[in-house]
Amino acid sequence: MPAQSADQFRSRALGGETLFGLFLDLSSPASAELCGRAGYDWLLVDLEHGAGTEADLPAMLMAVESTGAAAMVRTQSGERLRIGRALDQGATGIMIPRMQSAAEVAEAVTYLKYPPTGVRGVALRTRGAGLGTVGHADVGQINDRIVGIVQIESVGALNEVDAIAATDGVDVLFVGPADLTHSLGVPGQFDHKTYLAALDTVIDACRAHGKSPGILVYDPAVARGLLELGFRFVGIGADGALVSAGAHAALAAVRD
């Protein structure tokens, strides 16, 4: 993604703009390009639950970038090397899963930035550093465009959500509905009062600290209610789910 566009994307997210995205779990550059051409603001390569590995990232990120969508990556974990390698391959933003506390988040977001802001390893000939076009004195420009997305999907993270939202380097607090409902003891009950109260807590923390509240939904009909609640960084399912739904619908239509 061109540097100017990447800078603009982070500003759009922090500015409260509603940004729609899609998870990419098929590890298919062709699928990524098709989805990007549909007009999503961001596409996220899912290395936690998707079919791909880090070896697939270069082709996936180039496919996303060719469409103008912002290229996000959900890393397998919050480890320094996992995050650093995704950034080196050219990710505009990183979604960090399985965070349990503000202390874990504070450490993980240091991996997003070059020193002195963070501890990201400095290798300026990588795609993520412009293939050698950015000098040592200007790495701050790269730091400024990286979008930090932290998942709120556990009771631990929810209990410390205000401190997480206050952490520099965290731009989006992204609810994982399935994991969060299970962690809250109401698995899959997305209309349960405990879960709905948790959503309000996340949104309040984001508003208090100028961060963007995000969430993943698989039913587009549900999205309107979440937008009205205040969610602004919204993932509308995954490419694998779209293929499955389309295949079932086409076959059912013919059989009917």
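This dialogue walks through a few features of a predicted model, beginning with one strand and ending with some backbone angles.

Q: How do I read the surroundings of a strand, and which strands pair with strand 1?

A: A useful habit is to look at each neighbour in turn and to ask about its direction. Strand 1 pairs with strand 8, residues 233–238, in the parallel sense over four bridges, and within that pairing Leu19 has Phe233 as its bridge partner. Strand 1 is also joined by four bridges to strand 2, residues 42–46, and these two run parallel as well; here Leu24 has Val45 in strand 2 as its bridge partner.

Q: Is strand 1 mostly covered or mostly uncovered?

A: Burial is read residue by residue, with a residue called buried when its relative accessible area is under 20%. In strand 1, five of the six residues are buried, so the strand counts as mostly covered by that cut-off.

Q: What kind of unit do strand 1, helix 2 and strand 2 make?

A: Here one follows the chain from a strand, over a helix, to another strand, and asks about the hand of the path. Strand 1, helix 2 and strand 2 make a β-α-β unit, and this unit is right-handed.

Q: Where is Ser27 found, and which residues does it touch beyond those up to four places away in sequence?

A: It helps to place a residue along the chain before looking around it in space. Ser27 is found in the loop between strand 1, residues 19–24, and helix 2, residues 29–37. Leaving aside residues up to four places away in sequence, Ser27 touches Ala51, Gly52, Asp56 and Met60. With Asp56, the side chain of Ser27 makes a polar contact to the side chain at 3.4 Å, and although the two residues are 29 apart in sequence, their C-alpha atoms are 6.9 Å apart in space.

Q: What is there to notice in the phi angles of Ser27 and Leu131?

A: With phi, one looks at the sign and also at the residue type. Ser27 is not a glycine, yet its phi is positive, at about 55 degrees. Leu131, also a residue other than glycine, has a positive phi near 55 degrees; Leu131 lies in the loop between helix 5 and helix 6.

Q: Why is Leu131 called exposed?

A: The label rests on a cut-off: Leu131 is called exposed because its relative accessible area is 59%, and exposed means over 50%.

Q: Is the peptide bond from Pro115 to Pro116 cis or trans?

A: For a peptide bond, the angle to read is omega. The bond from Pro115 to Pro116 has omega near 5 degrees and is cis, and Pro116 lies in the loop between helix 5, residues 102–108, and helix 6, residues 139–145.

How values were computed
Residues numbered from 1 in each chain as written. Predicted model: local features only at pLDDT ≥ 70, side-chain atom pairs only at ≥ 80, totals over all residues. Heavy atoms only, no water. Contact = heavy atoms within 4.5 Å. Polar contact = N/O pair within 3.5 Å; in protein donor to acceptor, adjacent residues only side chain to side chain. Buried < 20%, exposed > 50% of the residue type's maximum accessible area, 1.4 Å probe, protein only. Pairing = 2+ DSSP bridges. Right-handed = clockwise from strand over helix to strand, strands pointing away.
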